[in-house]
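Colleague: Got a minute to go through this one with me? I'd like to talk about the helices and a few odd spots.

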Amino acid sequence: MGFGELKISEIDKSERKKLGVDIPVTLFRLIRLIGMGKLLGDSSGAALYTVGKTVGETLGVKTAEELLKLVEDLKIGIPKVVEMSDKRIIVDVFECVTCSGIPNIGEVVCHFEAGLIAGALGKILGKGTKTTETKCWGKGDKVCEFETLLF
Ligand SMILES: [Zn+2]
């Protein structure tokens with residue numbers, strides 16, 4: 001079994017009596033933005049979306065409310081539903097772990113999070129999903145906005 005097969009319940013068991021379960025956002029971003037960006041180059045966005053979608057499908061959340069709670073519990077960010085219909089769901093995420101506070105680099109960077117939302121919503125609703133990040137600190141916004149098309 002490779003480490004990619006580990007389940008959330010298994011990686012959740014950290015033995016860190018002094019340091020606890022939280023890590024600095026900087027460490028996460030070193031891996032998530034700089035590391036992945038250097039490793040995968042121009043294809044990192046598509047790759048991270050695919051990874052996020054696979055993870056989203058395996059989270060085990062059963063309702064949209066559970067997904068929103070998980071996003072906040074894992075400190076991915078603070079989600080707020082902007083619009084929800086049977087064709088489209090728009091969610092804003094404040095204080096995003098990946099991008100909040102980064103400079104405007106002219107592109108969105110939260111591809112993993114977009115994939116996660118697509119995968120989880122697809123599983124919950126039993127529909128095809130395509131999620132696009134339409135606002136991001138990476139392109140000068142002060143919030144991330146994810147638009148999910150349902151089909
Ligand atoms: Zn973002």
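Modeller: Here is a quick tour of helix packing, some positive phi values and a few single residues.

Modeller: Two notes before we start. This is a predicted model, where local features need pLDDT of at least 70, side-chain atom pairs count only at pLDDT 80 or more, and totals for chains, interfaces and linings use all residues. Residues are numbered from 1 along each chain as its sequence is written.

Colleague: Fine. How many residues has α3, and how far does it reach?

Modeller: α3 covers residues 44–58, which is 15 residues, and reaches 21 Å from first C-alpha to last, close to the 21 Å expected at 1.5 Å a residue. The expected span is 1.5 Å times one less than the number of residues. Helices here are DSSP runs of H or I with at least four residues, strands are E runs of at least two, and both are numbered from the N terminus.

Colleague: Which residues of α3 are buried?

Modeller: Gly45, Leu48, Tyr49, Gly52, Lys53 and Gly56. They cover an arc of only 140° around the axis, so they sit on the same side of α3. That arc is taken from the directions from the helix axis to the C-beta atoms. As for the term, buried needs 20 or more other C-beta atoms within 10 Å of a residue's own, exposed is 12 or fewer, partly exposed is in between, and C-beta atoms are placed from the backbone.

Colleague: And what do those buried residues pack against?

Modeller: They pack against α2 (25–40) and α5 (111–125). Contact means that C-beta atoms, placed from the backbone, lie within 7 Å.

Colleague: Take α5 then. At what angle do α3 and α5 pack?

Modeller: About 35°, with the axes 6 Å apart. The axes are lines fitted to C-alpha atoms, for helices over the stretch in contact, and the angle runs from 0 to 180 degrees between N-to-C directions.

Colleague: Left-handed or right-handed crossing?

Modeller: Right-handed. The near helix is turned clockwise from the far one in that case, whereas left-handed means anticlockwise by less than a right angle.

Colleague: What is that contact made of, by class?

Modeller: The contact of α3 with α5 has ten nonpolar, nine polar and four charged residues. Ala, Val, Leu, Ile, Met, Phe, Trp, Tyr, Cys and Pro count as nonpolar, Asp, Glu, Lys and Arg as charged, and the others, Gly among them, as polar. On the α3 side the residues include Gly52 and Gly56, and on the α5 side they include Gly115, Gly119 and Gly122.

Colleague: Now α2 with α3. How do their axes cross?

Modeller: At roughly 115°, and they come within 9 Å. Met36, Gly37 and Leu40 in α2 meet Ser44, Ala47 and Leu48 in α3. By class that contact has four nonpolar, two polar and no charged residues.

Colleague: Back to α5 for a second. How many of its residues are buried?

Modeller: Twelve of its 15, so mostly covered. The buried residues of α5 pack against α3, α4, β2, β3 (129–135) and β4 (144–150).

Colleague: What does Gly122 touch?

Modeller: Setting aside residues up to four places away in sequence, Gly122 touches Glu57, Lys127, Gly128 and Thr129. Gly122 is buried, with 20 other C-beta atoms within 10 Å.

Colleague: New topic: where do I find positive phi values just after the helices?

Modeller: Gly60, just after α3, has a phi of about 85°. Gly126 follows α5, with phi near 65°.

Colleague: Which residue between α4 and β1 should I look at?

Modeller: Lys75, in the loop between α4 (64–73) and β1 (78–84). Phi of Lys75 is near 60°, a positive value in a residue other than glycine. Lys75 counts as partly exposed because it has 13 C-beta neighbours inside 10 Å.

Colleague: And in the loop between β2 and α5?

Modeller: Glu95 lies there, after β2 (88–94). Glu95 is not a glycine either, yet has a positive phi of about 55°. With 15 other C-beta atoms within 10 Å, Glu95 is partly exposed.

Colleague: Last one, the strands. What is Thr132 in contact with?

Modeller: Thr132, in strand β3, is in contact with Ala114 and Glu147, leaving aside neighbours within four places in sequence. In β4 there's Leu149, which touches Arg88 and Lys130, again not counting residues up to four places away.

Technical notes
Two residues are in contact if their C-beta atoms, placed from the backbone, lie within 7 Å.
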